[in-house]
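Work through three short exercises on the model shown below. Each task is followed by a stepwise solution.

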Amino acid sequence: MTRARIVIVGAGFGGLFAAQGLAGVDAEVTVVDRHNYHLFQPLLYQVATAGLPPSDVAWPIRSILRRQRNATVLLGEVVGVDATRRVVELEDRSLSFDYLVVATGSTHSYFGHDEWKPFAPGLKSIDDATEIRRRVLRAFEAAEMDTDAARRERLMRFVIVGAGPTGVELAGTIAELARFTLASDFRRIDPRSAKIVLVEAGPRVLAAFKEPQSAYALRSLVKLGVEVRLDAAVTACDAHGVWLGAERLESATVIWAAGVAASPAGRWLGAPTDRAGRVLVQPDLSTGGNVFVIGDAASISLADGRRVPGVAPAAKQQGRYVAKVIAARIAGRAEPKPFAYRNAGNLATIGRRVAVIEFPFMTLRGFLAWWIWGLAHIYFLVGVPSPVLVSLRWLWEYLTYGRGARLITGQEDAD
């Protein structure tokens with residue numbers, strides 16, 4: 001008999017863990033991704049703020065799966081899916097499947113204002129991170145050369161839109177970059193005078209956390225010198241700043257961390273979606289039949305009414321679960337019970353020495369939480385060639401305030 005053909009679209013946490021979960025299955029597993037690397041997104045903000053080079057948070061997919069004999073990796077852009085014919089359409093070829101796992105993640109959501117995207121990049125990819133790093137570092141360089149006070153003030157103001165974990169981590173780290181790392185690098189400007197503004201449309205930062213942790217994060221940000229603007233929605237954005245209602249904030253560097261939208265998976269599959277474009281899946285994470293959607297591309301409701309959050313631990317659990325379902329179907333065994341999400345907790349860091357952690361069984365704040373946050377991230381690095389090397393680099397940066405990845409790369413903006 002012909003071996004079952006399993007196609008996995010996307011090599012993020014969900015797709016990669018699904019592929020690894022199928023290692024012992026008598027099937028042909030094909031992993032398709034438009035990049036040749038798996039990205040550890042929780043540390044992407046470190047690349048954007050010059051703390052880590054991209055090679056520390058991304059590793060070749062082929063390297064990760066090189067010992068898995070039933071896995072093939074293809075570099076390609078998926079443009080559509082024909083679920084009836086069981087075909088995945090790439091730009092230059094088609095792939096037939098018996099089982100399909102769509103794990104295509106999410107992208108930035110500008111809430112109907114995609115025209116803001118060129119002026120306020122989000123943080124979802126290595127390219128996004130290096131672009132943000134370029135804009136942040138170039139702003140300081142331009143301010144060093146500019147003699148006009150108003151232009152210099154605009155260059156030295158950094159606006160982060162959205163106070164979820166990504167926004168809070170970016171704001172705190174950029175504040176420390178200005179106050180410590182760059183403090184002695186310039187002669188005409190004082191980087192410590194930079195203004196970091198965190199804008200949030202809601203009433204508090206880290207809304208997914210409980211009120212005490214949210215309040216602690218706010219106090220920690222203020223202590224770092226971050227100006228936090230709550231209940232302030234962005235109403236316009238251009239190359240020179242943002243509007244908060246009738247108020248104008250002049251800024252040469254705006255970073256978008258306010259929302260996400262699902263990939264085109266729902267459109268490809270012709271499946272029902274929620275308002276954010278996530279596919280509404282069944283309790284076995286399928287759309288019916290042998291097509292599964294997991295990770296940020298899926299909207300999953302549990303038996304108790306909760307919705308599964310779009311975080312890395314959830315995507316990993318979904319990947320493992322789908323692998324078990326597919327393995328059971330191929331072997332003719334009973335399938336596992338409906339997917340049940342195990343909450344591993346929420347983690348967020350607010351600069352050096354400060355973090356908040358909400359485990360199901362306890363809550364931690366401050367220095368101890370920061371160390372646990374760091375150890376947890378190193379432990380969960382997928383495919384990293386040397387966790388010890390990453391640990392030593394972080395320790396050196398902690399002791400010296402150094403950020404060795406302060407490179408301005410990419411295309412320069414025309415002034």
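**Exercise 1.** State the strand order and pairing sense of the open three-stranded sheet, then find its edges.

*Solution.*
- Step 1. In this predicted model, the order is β6-β7-β8, and the pairing is antiparallel.
- Step 2. β6 (78-82) and β8 (94-96) each have a single partner strand, so one side of each lacks a neighbour in the sheet. These two strands are the edges.
- Step 3. From one strand to the next, the twist averages 20°.
- Step 4. Take the β6 pairing with β7 (residues 87-90): four bridges join them in the antiparallel sense. Asp82 has Val87 in β7 as its bridge partner.

**Exercise 2.** Locate Ala50 and Phe111, give the phi of each, and decide: buried or exposed?

*Solution.*
- Step 1. Most residues other than glycine have a negative phi.
- Step 2. Ala50 is not a glycine, yet its phi is positive, about 70°. Ala50 sits in the loop between α2 (44-48) and β4 (58-60).
- Step 3. Phe111 also has a positive phi, near 55°. Its loop runs between β10 (106-108) and α4 (126-145).
- Step 4. Buried means under 20% relative accessible area, exposed over 50%. Ala50 has 0%, so it is buried. Phe111 has 54%, so it is exposed.

**Exercise 3.** Place Trp371 in its helix and classify its accessibility.

*Solution.*
- Step 1. Trp371 belongs to helix α10 (residues 367-379).
- Step 2. Its relative accessibility is 35%, so Trp371 counts as partly exposed.
- Step 3. Together with Phe367 and Leu375, Trp371 makes a nonpolar surface patch of about 300 Å².

Technical notes:
Residues are numbered from 1 along each chain as its sequence is written. This is a predicted model: local features need pLDDT of at least 70, side-chain atom pairs count only at pLDDT 80 or more; totals for chains, interfaces and linings use all residues. Side-chain values use heavy atoms; hydrogens and water are left out. Patches are made of residues with over 30% relative accessible area and no salt bridge: like charges are joined within 9 Å, nonpolar side chains (Val, Leu, Ile, Met, Phe, Trp, Tyr) within 5 Å. Accessible areas come from the Shrake-Rupley method with a 1.4 Å probe; for residues, only the protein chains shown count as cover. A salt bridge is a side-chain nitrogen of Lys or Arg within 4 Å of a carboxyl oxygen of Asp or Glu. Buried means under 20% relative accessible area, exposed over 50%, partly exposed in between (1.4 Å probe, protein chains only). Two strands pair if DSSP finds at least two bridges between them. Axes are lines fitted to C-alpha atoms, for helices over the stretch in contact, and angles run from 0 to 180 degrees between N-to-C directions.
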